[in-house]
Amino acid sequence: MTKHLQTLALGFAVALASTAIVATQEKDKDKPAASTPKAAPAAVTPVKVQVVIARYQAEKKISSMPYTLTMNAISPNNHANLRMGTKIPVTMLMMSNVPKEAPQGGPIQYQDVGTNIDCFTTLLDDGRFLLNITIDDSSVYPDEQAPGGAKGNPSFRSFRASNSMVLKNGETGQFTTATDKVSGEIVKVDVTLTVMK
């Protein structure tokens, strides 16, 4: 009889344990699934970069061309490009043995002139910004500055600079300075960085 009671008690204990396990599993099913953490929104630090290309004859400023680019200082959108220009028609020289009745003037080719600016910016730990800038600027010499004084035939000048600089919010730095060999003009490029609110 005692053995029988022990067997019954053991069976009852096993049944009770099974019921508790099933009840716990049912309770876990009813719980809402733990929400997966959402990805943090990408950090955005919008900045405005102003590039000013100025030309000087000795100390006298003869032109100043400002260009503004807006971008995010944090990757992947930490770059901006600017392309601004025109095509200038250039009449090619005629061969000397062309018959007189042939139309005057040679074939026309087009020369690109204008300004191309590429800028990459990186936010540094100390609140400063690293700027990598490439500037490509071309234009037509005025007749009085044309090499050899060749009037009527366009002469083209070009300027290209690629450099890095570090600026703080609101700071202006001189990117580069160069002197034109033909005209003697001094080209100065200043860059200003502003953090946009």
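A residue counts as buried when its relative accessible area is under 20%. In this predicted model, Val90 comes in at 17% relative accessibility, so Val90 falls on the buried side of that cut-off. That makes it a handy place to start, and the wider fold comes next.

Val90 sits in strand β3. Setting aside neighbours within four places in sequence, its contacts are Pro107, Ile108, Gln109, Gln111, Pro154 and Phe156. One of these partners, Ile108, is 18 residues away along the chain, yet the C-alpha atoms of Val90 and Ile108 are separated by 5.4 Å. Ile108 also marks the start of strand β4, which runs over 108–123.

Stepping back to the whole protein chain, the secondary structure adds up to one helix and eight strands. Walking along the sequence, the helix turns up ahead of the strands, giving the pattern α-β-β-β-β-β-β-β-β. The chain has 197 residues, and 26% of them count as buried. Looking at contacts with a separation of 6 or more, 54% join residues that are 24 or more positions apart. As for the outside, about 13800 Å² of the protein chain is exposed, with carbon and sulfur atoms supplying 57% of that area.

Next comes the inside. The largest nonpolar core holds 26 residues, and the ones that touch the most other members are Val51, Leu131, Ile135 and Val191. At least two core residues come from each of β1 (46–57), β2 (60–72), β3 (79–91), β4 (108–123), β5 (129–140), β6 (156–167) and β8 (186–195). The top contributor is β8, which puts in five residues. Ile135 gives a good feel for how these pieces meet: leaving out residues up to four places away in sequence, Ile135 touches Val51, Ile53, Asn116, Ile117, Phe159, Arg160, Ala161, Phe175 and Val189. Of these, Val51 and Ile53 fall within the span of β1, Asn116 and Ile117 within β4, Phe159, Arg160 and Ala161 within β6, and Val189 within β8.

Thr121 is another residue with plenty to say about the interior. Its place is in strand β4, and it is buried because its relative accessible area is 0%, under the 20% cut-off. Beyond its neighbours within four places in sequence, Thr121 is in contact with Val47, Met71, Asn72, Ala73, Asn78, Phe129, Leu130, Leu131 and Leu193. Leu131, in that list, is also one of the four residues named above for touching the most other core members.

Strand β5 offers a pair worth setting side by side, Ser138 and Val140. Ser138 has 19% relative accessibility and therefore counts as buried, the limit being under 20%. Val140, with a relative accessible area of 32%, is partly exposed. With neighbours within four places left aside, Ser138 is in contact with Asp112, Val113, Gly114, Arg157 and Ser158. On the same basis, Val140 meets Ile88, Val113, Pro154, Ser155, Phe156 and Arg157. Val113 and Arg157 thus appear in both lists. Gly114, a contact of Ser138, lies 26 residues from Val140 in sequence and 9.5 Å from it in space, C-alpha to C-alpha.

There is some open space to look at too. The largest pocket takes in about 260 Å³. Its lining is made of 13 residues, and those nearest the pocket's centre are Met65, Tyr67, Thr115, Asp137 and Ser139. Two or more lining residues come from each of β1, β2, β3, β4 and β5. By type, the lining splits into four nonpolar, six polar and three charged residues.

Last, a look around the link from β1 to β2. Ala58 is found in the loop between these two strands. Although Ala58 is not a glycine, it has a positive phi of about 60°. With 56% relative accessibility, it counts as exposed, because the threshold for that label is over 50%. Lys61, a residue of strand β2, is partly exposed at 47% relative accessibility. Apart from neighbours within four places in sequence, Lys61 is in contact with Arg55 and Tyr56. Across 126 residues of chain, the C-alpha atoms of Lys61 and Val187 are separated by 9.8 Å.

Methods:
Residues are numbered from 1 along each chain as its sequence is written. This is a predicted model: local features need pLDDT of at least 70, side-chain atom pairs count only at pLDDT 80 or more; totals for chains, interfaces and linings use all residues. Side-chain values use heavy atoms; hydrogens and water are left out. A nonpolar core is a set of buried Ala, Val, Leu, Ile, Met, Phe, Trp, Tyr and Cys residues joined through side-chain atoms within 4.5 Å. Buried means under 20% relative accessible area, exposed over 50%, partly exposed in between (1.4 Å probe, protein chains only). Helices (H or I, at least four residues) and strands (E, at least two) are DSSP runs, numbered from the N terminus. Contact means heavy atoms within 4.5 Å. Accessible areas come from the Shrake-Rupley method with a 1.4 Å probe; for residues, only the protein chains shown count as cover. On a 1 Å grid over the protein atoms alone, a cavity is a set of points where a 1.4 Å probe fits but cannot get out, and a pocket is an open set with protein on both sides within 12 Å along at least five of seven lines; lining residues have an atom within 4 Å of a point. Grid points are joined across faces, edges and corners, and a volume is the space filled by probe spheres set on the points. Ala, Val, Leu, Ile, Met, Phe, Trp, Tyr, Cys and Pro count as nonpolar, Asp, Glu, Lys and Arg as charged, and the others, Gly among them, as polar.
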